[in-house]
Amino acid sequence: MLVVEGLTRRFGTLKAVSDASFVIEPGAFVGVIGPSGAGKSTLLRMINRLVDPSEGVIRFGNENVTALTGRDLRRWRRRAAMIFQQFNLVGRLDVLTNVLMGRVATVPAWRSLTGLWPEDDKVVALSALEQFDIGSLAAKRAEHLSGGQQQRVAIARAMVQEPELILADEPIASLDPRNTRVVMDALLRINRHFGITVLCNLHSLEIARSYCDRLIGMAAGRVVFDGAPVQLTDALARDIYGLDSEQVLDGSARAPEPRVRAGAFGEAAVA
Ligand SMILES: Nc1ncnc2c1ncn2[C@@H]1O[C@H](COP(=O)(O)OP(=O)(O)OP(=O)(O)O)[C@@H](O)[C@H]1O
């Protein structure tokens, strides 16, 4: 169980996340929604400890995540795998090696540096790729793959870490509608088949509603909604998204405003 209590992160005078509290049960698929700048990425990054909280506590089971340092912190990052919008693969390396990078903490450094990975690890990595229908791409350079294929490689790399929690930071923001579905289906499969808890930042309200068991809505750093997708009425969504609500609820109504990342909201209409 993931417990977040009074979590706050300040950047100067700005509270990017302000007094966030919630509990996530094992095996849940939770979407974090909200307009650009609401604090969604900062929240996920704090849980992975890529960003240190200014105040508050993160607990996972009996572990006080906020207090971890050194080796214990590295161990936590293996248990809480991150997936990023830009995939974070090494483009010039082949797909299998990219997935094997998820095993780097479990093998001696000389093996990963020389590329002499244990056969067992190669089998695990290949089977992870096959889970997501991309086993045939194992020998290809990662940079030659489509965005959707690269994100599935990133998910396979996260899987071979054997995480208990997946933190996906806008995993579909760079993808077209078809690949959006493919990647969300891959995350759902991990969740349903392996029981791994997924916490996923999403710009698209439609995708969040159709994939997640529960939604956490953020606005201006605060958690302003926490409930099942059916509880998120259009009126509540308008409150959360403010001026962006027309794009979120009905992207076809008008062209996106010329604002940073406004295009990502358009996914709601076309996905
Ligand atoms: N390293 C940083 N230094 C200063 N300000 C930051 C930093 N990281 C985030 N912020 C600010 O904190 C606020 C929340 O940012 P965050 O990226 O968490 O929001 P978000 O909801 O994920 O937005 P988006 O959907 O656009 O990614 C924003 O105002 C952002 O400019």
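Student: In this predicted model, is Ala138 buried, partly exposed or exposed?
Tutor: Let's count neighbours: Ala138 has 19 other C-beta atoms within 10 Å. Buried would take 20 or more, while exposed would need 12 or fewer. The count for Ala138 falls in between, so the label is partly exposed.

Student: Okay, and which residues is Ala138 in contact with, leaving aside its neighbours within four places in sequence?
Tutor: First get your bearings: Ala138 sits in the loop between helix H5 (119-131) and H6. Once the neighbours within four places in sequence are set aside, the partners of Ala138 are Asp94, Val95, Leu96, Leu126 and Leu129.

Student: What separates the C-alpha atoms of Ala138 and Val99?
Tutor: Along the chain, Ala138 and Val99 are 39 residues apart. In space, the separation of their C-alpha atoms is 9.0 Å.

Student: Let's zoom out. Among contacts between residues at least 6 apart in sequence, what percentage join residues at least 24 apart?
Tutor: Picture the whole protein chain, with its twelve helices and ten strands. It has 271 residues, and 42% of them are buried. Take the contacts between residues at least 6 apart in sequence; the share joining residues at least 24 apart is 66%.

Student: Now the ligand. Which helix or strand gives the largest share of the shell around it?
Tutor: Twelve residues surround the ligand, and the closest are Phe11, Ala16, Ser36, Ser41 and Thr42. Strand E2 (14-24) and helix H1 (40-48) each bring at least two residues to that shell. The largest share is three residues, and it comes from H1.

Student: How many residues of that shell are polar?
Tutor: Split the shell around the ligand by type: four residues are nonpolar and two are charged. The polar ones number six.

Student: Is H1 itself mostly covered or mostly open, and how many of its residues are buried?
Tutor: H1 is mostly covered. Its buried residues are Lys40, Ser41, Thr42, Leu43, Leu44, Met46, Ile47 and Asn48. Out of nine residues in H1, the number buried is eight.

Student: What happens with phi just after H1?
Tutor: Look at Arg49, the residue just after H1. Its phi is positive, at about 70°.

Student: Phe87 isn't a glycine, but its phi is positive too. Is Phe87 buried or exposed?
Tutor: Phe87 has a phi of about 70°, and it lies in the loop between strand E6 (80-84) and helix H3 (95-100). There are 21 other C-beta atoms within 10 Å of Phe87. The cut-off is 20 or more, so Phe87 counts as buried.

Student: And Ala220, with its positive phi near 50°: how many other C-beta atoms lie within 10 Å?
Tutor: Ala220 is in the loop between strand E9 (214-219) and strand E10 (222-227). Ala220 is partly exposed. Its count of other C-beta atoms within 10 Å is 16.

Student: Last one: are H6 and H7 roughly parallel or roughly antiparallel?
Tutor: The axes of H6 (residues 147-160) and H7 (residues 177-194) come within 9 Å and cross at roughly 15°. Angles under 35 degrees count as roughly parallel. That makes the arrangement of H6 and H7 roughly parallel.

Student: How many nonpolar residues are in the contact of H6 with H7?
Tutor: From H6 come Gly147, Gly148, Gln151, Arg152, Ile155 and Met159, and they meet Asn179, Val182, Val183, Ala186, Leu187 and Ile190 in H7. Four residues of this contact are polar and one is charged. The nonpolar ones number seven.

How values were computed
Residues are numbered from 1 along each chain as its sequence is written. This is a predicted model: local features need pLDDT of at least 70, side-chain atom pairs count only at pLDDT 80 or more; totals for chains, interfaces and linings use all residues. A residue is near a molecule or strand if its C-beta atom, placed from the backbone, lies within 6 Å of it. Helices (H or I, at least four residues) and strands (E, at least two) are DSSP runs, numbered from the N terminus. Ala, Val, Leu, Ile, Met, Phe, Trp, Tyr, Cys and Pro count as nonpolar, Asp, Glu, Lys and Arg as charged, and the others, Gly among them, as polar. Axes are lines fitted to C-alpha atoms, for helices over the stretch in contact, and angles run from 0 to 180 degrees between N-to-C directions. Angles under 35 degrees count as roughly parallel, over 145 as roughly antiparallel, 65 to 115 as roughly perpendicular and the rest as oblique. Two residues are in contact if their C-beta atoms, placed from the backbone, lie within 7 Å.
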